[in-house]
Amino acid sequence: MDKVDTKISKFLSYVLRHQPESIGLMLDSEGWADIGTLIKCASKHGKRLNPTLIENIVDSNDKKRFAISEDQKRIRAVQGHSTKLVDIGYQEKIPPVILYHGTATRFLDSIFKQGLVAGTRHYVHLSADQSTATKVGQRHGKVVILKIEAQLMYEQGFKFHQADNGVWLTKSVPVEYMCII
Ligand code: HQG
């Protein structure tokens, strides 16, 4: 993605995951926004979008953050939401034996007291591989990778989901299921 696309991708993440009301946009409970309405709302707030530009961003997005509906009329973020308007009905899925969570060393004291919590987002985000977890953690500072006993959690009743872009989601991870790599 070039710089302009990254800027638009960040704008779309913001309105489709966190603050649709900031541009007067409505999302349904599955997170979908009408693309025509999104373009109108964005333009009132100084952002020029058009259907082709949006399609290109969705296709070229490095993390496949967005999806367009089959009828091509709607767009949504596939994960990462904090807005209370949205409650995506993710299917349950059996996780791999181990998942990873990349975070920053400064959060460790709190994480080992409380476990991993979703915070403002709807879910704790977990990665299938260490290199993805490293990238996620680096966003926050000096990275540290936690190994999560996902299968054990699943066997003990925790629910897991996988977003369309491969990110694993669960509501929380208690301390006993994690260790530092
Ligand atoms: C930490 C990006 C203190 C947690 C990524 C993380 C991901 C705690 C931070 C997606 C804690 C939350 C999500 C506790 C968790 N005490 N800190 N008890 N429990 N934390 O950004 O997982 O580029 O909300 O470790 O690729 O970093 O936006 O979550 O460091 O998929 O598409 O609190 O966002 O995707 O930070 O990232 P975030 P995340 P996008």
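**Figure 1. Burial and overall dimensions of the protein in the predicted model.** Of the 181 residues in the protein, 44% are buried, in a model that is predicted. The secondary structure comes to six helices and 11 strands. With a radius of gyration of 17 Å, close to the 16 Å that the globule rule gives for 181 residues, the protein is as compact as a globular protein of that length. The C-alpha trace spans about 50 × 30 × 25 Å along its principal axes. When contacts between residues at least 6 apart in sequence are considered, 71% of them join residues at least 24 apart. The accessible surface of the protein comes to about 10100 Å², and carbon and sulfur atoms account for 51% of that surface.

**Figure 2. Pairing of strand S7 with strands S4 and S11.** Strand S7, formed by residues 143–148, runs antiparallel to strand S4, formed by residues 99–104, and six bridges join the two. Within this pairing, Thr103 has Val144 of S7 as its bridge partner. Strand S7 also pairs in the antiparallel sense with strand S11, residues 178–180, in this case over three bridges. The bridge partner that Leu146 finds in S11 is Ile180.

**Figure 3. Pairing of strand S3 with strands S1 and S2.** Strand S3, which covers residues 74–77, pairs in the antiparallel sense with strand S1, residues 33–34, over two bridges, and it pairs in the antiparallel sense with strand S2, residues 66–68, over three bridges. Ile75 takes part in both pairings, being the bridge partner in S3 of Ala33 and also of Ile68. Strands S2 and S3 form a hairpin with five residues between the strands, and in this hairpin Gln72 takes a positive phi near 70°.

**Figure 4. The surroundings of His161 in strand S8.** His161 lies in strand S8, which consists of residues 161–162. Its relative accessibility is 9%, and His161 therefore counts as buried, the cut-off for that class being under 20%. Leaving aside residues up to four places away in sequence, His161 touches Tyr90, Gln91, Glu92 and Lys93, together with Tyr123 and with Val167, Trp168 and Leu169. For Tyr90 there is also a polar approach, in that the side chain of His161 reaches the backbone oxygen of Tyr90 at 3.4 Å.

**Figure 5. Residues around the ligand and polar approaches to it.** There are 17 residues around the ligand, and those that come nearest are Lys63, His101, Thr103, Ser110 and His140. Of these, Thr103 is also the residue whose bridge partner in S7 is Val144, and Lys63 has an N or O atom in its side chain 2.7 Å from an oxygen atom of the ligand. A polar side-chain atom of Arg17 likewise lies 2.7 Å from an oxygen atom of the ligand, whereas for Gln114 the ligand atom concerned is a nitrogen, at 2.9 Å from an N or O atom in the side chain. The ligand taken alone exposes 780 Å², and the protein buries 84% of that area.

Technical notes. Residues are numbered from 1 along each chain as its sequence is written. This is a predicted model: local features need pLDDT of at least 70, side-chain atom pairs count only at pLDDT 80 or more; totals for chains, interfaces and linings use all residues. Side-chain values use heavy atoms; hydrogens and water are left out. Two strands pair if DSSP finds at least two bridges between them. Helices (H or I, at least four residues) and strands (E, at least two) are DSSP runs, numbered from the N terminus. Buried means under 20% relative accessible area, exposed over 50%, partly exposed in between (1.4 Å probe, protein chains only). A polar contact is a pair of N or O atoms within 3.5 Å; within protein, one must be able to donate a hydrogen and the other to accept it, and residues adjacent in sequence count only if both atoms are side-chain atoms. Contact means heavy atoms within 4.5 Å. The radius of gyration is taken over C-alpha atoms; the globule rule is 2.2 Å times the number of residues to the power 0.38. Accessible areas come from the Shrake-Rupley method with a 1.4 Å probe; for residues, only the protein chains shown count as cover. A residue is near a molecule or strand if one of its heavy atoms lies within 4 Å of it.
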